[in-house]
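Thanks for making time this morning. I would like to take you through one model, and I will pause on the backbone before coming to the ligands.

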Amino acid sequence: MRYIMLGKTGLEVSEVGFGAIPIIRLSATEAVMVLRRAFDHGITLFDTANMYLDSEEKIGLAFNGIRSRIVLATKTFKRDRAGAEADIDLSLRRLRTDHIDLLQIHQLSLTRDYEAVTGPDGAMEAVFRAKQDGKIRCIGVTSHSIEMAVKLLETGLFSTVQFPLNFIESKAVEELHPLARQKEMGILAMKPFGGGLLDRADLCFKYLRQFPDVIPLPGFDAVGQVDQVVAIYESENVVSPEALAAMEGYRTELGQQFCRRCEYCQPCEHGVMITPAMGYPIIARRMSDAKAAGFAKKMMESVRNCVECGECEERCPYGLPIPEMLKRHLALYEQHARGI
Ligand code: SF4
Ligand code: SF4
């Protein structure tokens, strides 16, 4: 395992991190085993979020007593000062620590969210205060919108940026990473498996290892998966013509029919939570049917308000047939909910 400095944060991290959404579907004992396996293999960066159910608690349990040997990254989705303040304190308690190494503003893609976060009484006030008080060391941001991410980098408010990167979502390579490097920011890559769409770890990491200063955050829910990815990192990276052809095969097969979570389609004036509902099949793949239906209840129930006006479709830069896809996702959710 190689270790690199995360931009100019002063944080040294393993070349591949651990994305901690999938551990929510494990028991505490299983989650601790998977997390400790990653640590034993040399992974030192663990990335979670306040909103990932009990993920922070499981990380706190796994690393109790060896806190100083890992780098903890978490996120707040709150846009207001009071909410972010409460999230930070809750994350500290759950993670069993007195400081968070990297606190990220979670999924900042919309202008209205950016204005709320950076405006009076916005979340950034709480974050700056927490940094002054020593509760957090560095401030980062995560986004799914390339235009917003570029804008966020220009503000100079953040030391790291986390954006999707995989061989079917590679915009960041040309449109975001050069600027982040110029500003000496740490670069984190979410969704190395395309948010669950890519099932060949060898191809995913062959692609990602071409960018040695970008830290991917794969999610793991089994020790075997950790072993597999670490083994890939221990081998030489050869991107053969066959590998390139296989990647191209996935691109052709998936075409444009998947949601990149850029949120251009929102808001829906009928209250449909479009982006999260577009991702329901991926959520469902990550947890049991009953858990997925419970977790996604609010977003999926909002789909019932869709009047198929088509306005969101016009705004989607990828031309997705949104109402039709939402209908399919609602049917899947109903099927899962009946099993509760
Ligand atoms: S098609 Fe449905 S989801 Fe899209 S804007 Fe209209 S009501 Fe909202
Ligand atoms: S449906 Fe289209 S516009 Fe909406 S988040 Fe997904 S990719 Fe973006």
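**Backbone, sheet and ligand sites**

Let me begin with Asp 121, which is found in the loop between α4, residues 111-118, and α5. Please keep in mind throughout that this is a predicted model. The phi of Asp 121 is near 65 degrees, a positive value in a residue that is not glycine, and I mention that sign because most residues other than glycine have a negative phi.

Following the chain out of that loop, we come to helix α5, residues 123-132, which lies across β6 and β7 and runs at about 150 degrees to β7, residues 136-142. Those two strands belong to an open sheet of 8 strands with parallel pairing, in the order β3-β4-β5-β6-β7-β8-β9-β10. Its edge strands are β3, residues 18-19, and β10, residues 214-216, each of which pairs on one side only. Within the sheet, strand β5, residues 71-76, runs parallel to strand β6, residues 100-105, and 4 bridges join them; Ala 73 stands opposite Leu 102 in β6.

A second backbone detail concerns Pro 267, which is placed in the loop between α11, residues 241-254, and α12, residues 274-278. The peptide bond from Gln 266 to Pro 267 is cis, with omega near 0 degrees, and here too the general background is that most peptide bonds are trans.

Now to the ligands. Which cavity does ligand 1 occupy? The space taken by ligand 1 is the largest cavity, and the residues around it include Cys 268, His 270, Cys 306, Glu 308, Cys 309, Cys 312 and Pro 323. Sorted by class, the shell around ligand 1 has 8 nonpolar, 2 polar and 1 charged residues.

Ligand 2, for its part, sits in the second largest cavity. It is surrounded by 14 residues, of which the closest are Cys 259, Cys 262, Glu 263, Cys 265 and Cys 316, and the shell around ligand 2 divides into 10 nonpolar, 1 polar and 3 charged residues.

Conventions: Residues are numbered from 1 along each chain as its sequence is written. Chains are lettered from A and ligands numbered from 1 in the order in which they are written. This is a predicted model: local features need pLDDT of at least 70, side-chain atom pairs count only at pLDDT 80 or more; totals for chains, interfaces and linings use all residues. Side-chain values use heavy atoms; hydrogens and water are left out. A residue is near a molecule or strand if one of its heavy atoms lies within 4 Å of it. On a 1 Å grid over the protein atoms alone, a cavity is a set of points where a 1.4 Å probe fits but cannot get out, and a pocket is an open set with protein on both sides within 12 Å along at least five of seven lines; lining residues have an atom within 4 Å of a point. A molecule sits in a cavity or pocket if more than half of its atoms lie within 2 Å of its grid points. Ala, Val, Leu, Ile, Met, Phe, Trp, Tyr, Cys and Pro count as nonpolar, Asp, Glu, Lys and Arg as charged, and the others, Gly among them, as polar. Two strands pair if DSSP finds at least two bridges between them. Helices (H or I, at least four residues) and strands (E, at least two) are DSSP runs, numbered from the N terminus. Contact means heavy atoms within 4.5 Å. Axes are lines fitted to C-alpha atoms, for helices over the stretch in contact, and angles run from 0 to 180 degrees between N-to-C directions.
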